[in-house]
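Biologist: I should like to learn how to read a protein model. May we go through one together?

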Amino acid sequence: MIRTILTYPNPELKKKSVPVTIITDAVRELVQDMSDTMYDAPGIGLAAPQIGIHQRVIVIDISGKDEPPDLIVAINPEIVYAEGEAYEEEGCLSVPDYAANVKRRARVIVKALDLDGAEQTWKADDLLAIAFQHEIDHLDGILFVDHLSSLKRELFQRKARKAAEEKR
Ligand code: NI
């Protein structure tokens, strides 16, 4: 089921998510809804708090338009190793109509549980490394705009306030 994606400055996006203790049918349903919502948007990643569920679950699919889908489901994901630096443009389904370059680690190793409760390890670089860092940030209540310099963040906030006022 496609769910509503919460957008900035919804305070639900700032809350920390809690680990999943057992993989129940509810968790499986959550993952299904998250992937439906991500593909519908469309986006390359989604974290549970973006649909108002504060559990540590993310989905990612960075496959291109002409490639078969390649869904990554990561439950309780953790970055266990990071190296290098990246500085690429990012956007977020929760921050519509805005993109900015963000400083990240270039390569990460991520451990997480899959839907069967088995531990999986991903060695990620390029776009996948950035996607993991971006989505795991969501689980800690951090948006990519929180990584901007204070000047850039102020410009973003001013733009967001203006857009909100225009909607009224
Ligand atoms: Ni995002």
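**Reading the model**

Modeller: Let us begin with a helix and its packing. The model is predicted. In it, the buried residues of α1 pack against three strands, namely β1 (45-47), β2 (57-60) and β3 (72-83).

Biologist: Which residues of α1 are buried?

Modeller: The general idea comes first. An α-helix has 3.6 residues a turn, so residues three or four places apart point the same way. In α1, the buried residues are V27, L30, V31, D33, M34, S35, T37 and M38.

Biologist: What is the reach of α1 from its first C-alpha to its last?

Modeller: Helix α1 covers residues 25-40, which is 16 residues, and it reaches 22 Å. That is close to the 22 Å expected at 1.5 Å a residue.

Biologist: How many helices and strands does the chain have?

Modeller: The chain has three helices and seven strands. Read from the N terminus, their order is α-β-β-β-β-β-β-β-α-α.

Biologist: How should I judge the overall form of the chain?

Modeller: One compares the radius of gyration with the value for a compact globule. For 168 residues that value would be near 15 Å, and the chain has 16 Å, which agrees. The C-alpha trace spans about 45 × 35 × 35 Å along its principal axes. As for burial, 40% of the 168 residues count as buried. The chain exposes about 9700 Å², of which carbon and sulfur atoms supply 51%.

Biologist: What share of the contacts with a separation of 6 or more comes from residues 24 or more positions apart?

Modeller: Such residues account for 62% of those contacts.

Biologist: Let us turn to the strands. In which sense do β2 and β3 pair?

Modeller: A general point helps here: in a regular strand the side chains alternate between the two faces of the sheet. In this model β2 and β3 pair in the antiparallel sense, over four bridges. Strand β3 is also joined to β6 (residues 107-113) by six bridges, and these two strands run antiparallel. I75 illustrates both pairings: this residue of β3 is the bridge partner of V57, and I75 stands opposite L113 in β6.

Biologist: Which residues coordinate the nickel ion?

Modeller: To read a metal site, one names the donor atoms and then finds their places in the chain. The nickel ion is coordinated by C92 through SG and by H134 and H138 through NE2, at 2.1 to 2.2 Å. The spacing of these donor residues in sequence is C-x41-H-x3-H. The pair C92 and H134 links distant parts of the chain: C92 is in strand β4 (residues 86-92), H134 is in helix α2 (residues 126-139), and they are 42 residues apart. Both C92 and H134 are buried.

Biologist: Which residues does G91 touch?

Modeller: G91 is found in strand β4. Leaving aside residues up to four places away in sequence, G91 touches Y98, H134 and F144. G91 counts as partly exposed because its relative accessibility is 40%, and the range for that class lies between 20% and 50%.

Biologist: Is S17 buried or exposed?

Modeller: S17 counts as buried, because its relative accessibility is 5%. S17 belongs to the segment before α1. Apart from residues up to four places away in sequence, S17 touches P49, I53, H54, Q55, R56 and L139.

Biologist: How far apart are G91 and I53 in space?

Modeller: From C-alpha to C-alpha, G91 and I53 are 21 Å apart, while in sequence they are 38 residues apart.

Biologist: What should I look for in the backbone angles?

Modeller: Most residues other than glycine have a negative phi, and most peptide bonds are trans. Exceptions deserve a look. The peptide bond from Y8 to P9 is cis, with omega near 5°, and P9 is found in the segment before α1. A cis peptide bond also joins A41 and P42, with omega about -10°; P42 lies in the loop between α1 and β1.

Biologist: Which values of phi do N76 and D97 have?

Modeller: Phi of N76 is near 55°, and D97 has a positive phi of about 60° although it is not a glycine. N76 lies in strand β3, whereas D97 lies in strand β5 (residues 95-104). N76 is buried, with a relative accessible area of 18%; D97 is exposed, with a relative accessible area of 74%.

Terms used:
Residues numbered from 1 in each chain as written. Predicted model: local features only at pLDDT ≥ 70, side-chain atom pairs only at ≥ 80, totals over all residues. Heavy atoms only, no water. Expected span 1.5 Å × (residues − 1). Buried < 20%, exposed > 50% of the residue type's maximum accessible area, 1.4 Å probe, protein only. Contact = heavy atoms within 4.5 Å. Donors = N, O, S within 2.8 Å, 3.2 Å for Na, K, Ca; no water. Rg over C-alpha atoms; globule rule 2.2 N^0.38 Å. Areas by Shrake-Rupley, 256 points an atom, 1.4 Å probe, with all protein chains shown as cover. Pairing = 2+ DSSP bridges.
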